[in-house]
Amino acid sequence: MPKLLLAAAILSFTACLDPAADGNLVPRTADEDPSIPQLSFNGSTFHVETFGDPSAPVIVMLHGGPGGDYRGLLRLRDPVNGVRLEDHHLLVFWDQRGCGLSRRHPANEITPEAYDLDLTWIIDHFSPGRPVVLLGHSWGGMYATRYISMHPDKVAGAVLMEPGPLTGALFDELKPEMFDLDPTAEWLNDYAWAQTIVSPDGHARADYLRGIGLFGALQPNYHQSTTDREPFWRMGAVAAAAIPEADPHWDFTRGLDRFGAPVLFEASEENTVIGRAFQERQMRFFPSARLLVIAGAGHDFPWTRAPQSVAGVLSYLDSIAY
């Protein structure tokens, strides 16, 4: 079915529901539903879950997007040869500000500075006085890099799973290849950002439309699976637009020379945009980094090839000094 027709069909199907009613378009967020595992801090309410021994070294999981959620990272909990990451670490999964099942905010409250404060709170709360490992996929790898450049003392190590461009200059270089300019996706993005979103209902509508756009359009050169689709709970439309707009000339690599711990990059074999060749370039920003290529996979390999990815992480963690 053509993508525009698919979107129209889904919209028609839901037309019988009241879009203003909680939960009809998208799941409710943590501030709207007390049954969702959550923590409140820094003026927001976040969807947060932990797995493992609270006294163990901490791995903070940073999902992709901006605007995604951590559901697509949950297969990283699966055992490899009987060993799980959480057997010897505390895994902290959380939906970032304005994302997934975390509380929604206006665009002026979705900033890199707010994201910096949020991650600092997470680290200080779950690992007081002890540095953590950051594990980030896609945008999450960019987020981790920015944080390391500013707070190297709070980070013992990092696993960067096919991060996007770490500088605005690299982004400008790759921009023509990074996006599928499908008219459906473009319409959805423009619609979501053009609206004045001041209410839960407004966010729900925008998030719903963004979800349709992602359902119908994959970035073809990223070679993501069409049969084992990476799942999500709910997209954050405002976060997806606000974070890239905050600083179009970003450079997350300044200060990385102060970070001496080893870094693991993971890249997919089949992504021809930000896969192996591109990550070989980005590794050079770190004093000590190595690359693991995940065979037979595209950008969604933490979901589709989780065992290979986890095996690499388990081996890497043996080299970290907490």
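This passage describes the strands, cores and aromatic contacts of a predicted model.

The chain contains ten helices and eight strands. Of its 322 residues, 54% are buried. Among contacts with a separation of 6 or more, 79% are between residues 24 or more positions apart.

The eight strands form an open sheet in the order 1-2-4-3-5-6-7-8, and the pairing is mixed. Strand 1 (38-41) and strand 8 (289-294) stand at the edges, and each has a single partner strand, so one side of each is left without a neighbour in the sheet. From one strand to the next, the twist averages 25°. In general, strands of a sheet pair through backbone hydrogen bonds, in a parallel or an antiparallel arrangement.

At one end of the strand order, strand 1 and strand 2 are antiparallel and share four bridges. L39 is placed opposite F46 in strand 2. The two strands, strand 1 and strand 2, make a hairpin with two residues between them. In the turn, N42 has a positive phi of about 50°. Strand 2 is also joined to strand 4 by four bridges, again in the antiparallel sense. Here T50 has V92 of strand 4 as its bridge partner.

Towards the other end of the order, the pairing of strand 7 is parallel on both sides, with four bridges to strand 6 (residues 155-161) and six to strand 8. Within these pairings, M161 stands opposite E266 of strand 7, and V263 is opposite A289 of strand 8. Strand 7 (residues 263-268) is mostly covered, with six of its six residues buried. V263, F265 and A267 are buried on one side of the strand, while L264, E266 and S268 are buried on the other.

In soluble globular proteins, nonpolar side chains tend to be buried together. The largest nonpolar core of this model has 49 residues, of which V60, W94, L119 and L134 touch the most other members. Helix 3 (residues 139-150) gives the most to this core, contributing six residues. Leaving aside residues up to four places away in sequence, W94 touches residues including F46, V48, V60, L62, Y70, L119, I122 and Y143. The contacts of W94 also include H47, H63 and D118. A separate core of 26 residues has F51, A156, M161 and F301 among its members.

Aromatic residues form 13 pairs in the structure. One of these joins F51 and F93 in an edge-to-face arrangement, with 5.7 Å from centre to centre and 80° between the planes. F51 belongs to strand 2 (residues 44-51) and F93 to strand 4 (residues 90-94), so the pair ties together parts that are 42 residues apart in sequence. Both rings belong to buried residues: F51 has a relative accessibility of 15%, and the relative accessible area of F93 is 0%. A single aromatic cluster is formed by F41, F46, W94, Y115, W121, W139 and Y143.

Two arginines are placed over aromatic rings. R77 lies over the face of F51, 3.6 Å from the ring centre. The charged end of R75 sits over the ring of W303, at 3.6 Å from its centre. F51 thus appears in several of these descriptions: as a partner of F93, as a member of the core of 26 residues and as the ring beneath R77.

Methods. Residues numbered from 1 in each chain as written. Predicted model: local features only at pLDDT ≥ 70, side-chain atom pairs only at ≥ 80, totals over all residues. Heavy atoms only, no water. Phe/Tyr/Trp six-rings, centres within 6.5 Å; stacked < 30°, edge-to-face > 60°. Buried < 20%, exposed > 50% of the residue type's maximum accessible area, 1.4 Å probe, protein only. Lys NZ or Arg CZ within 6 Å of the ring centre and 35° of its normal. Pairing = 2+ DSSP bridges. Axes fitted to C-alpha atoms, helices over the stretch in contact; angles between N-to-C directions. Core = buried A, V, L, I, M, F, W, Y, C linked by side-chain atoms within 4.5 Å. Contact = heavy atoms within 4.5 Å.
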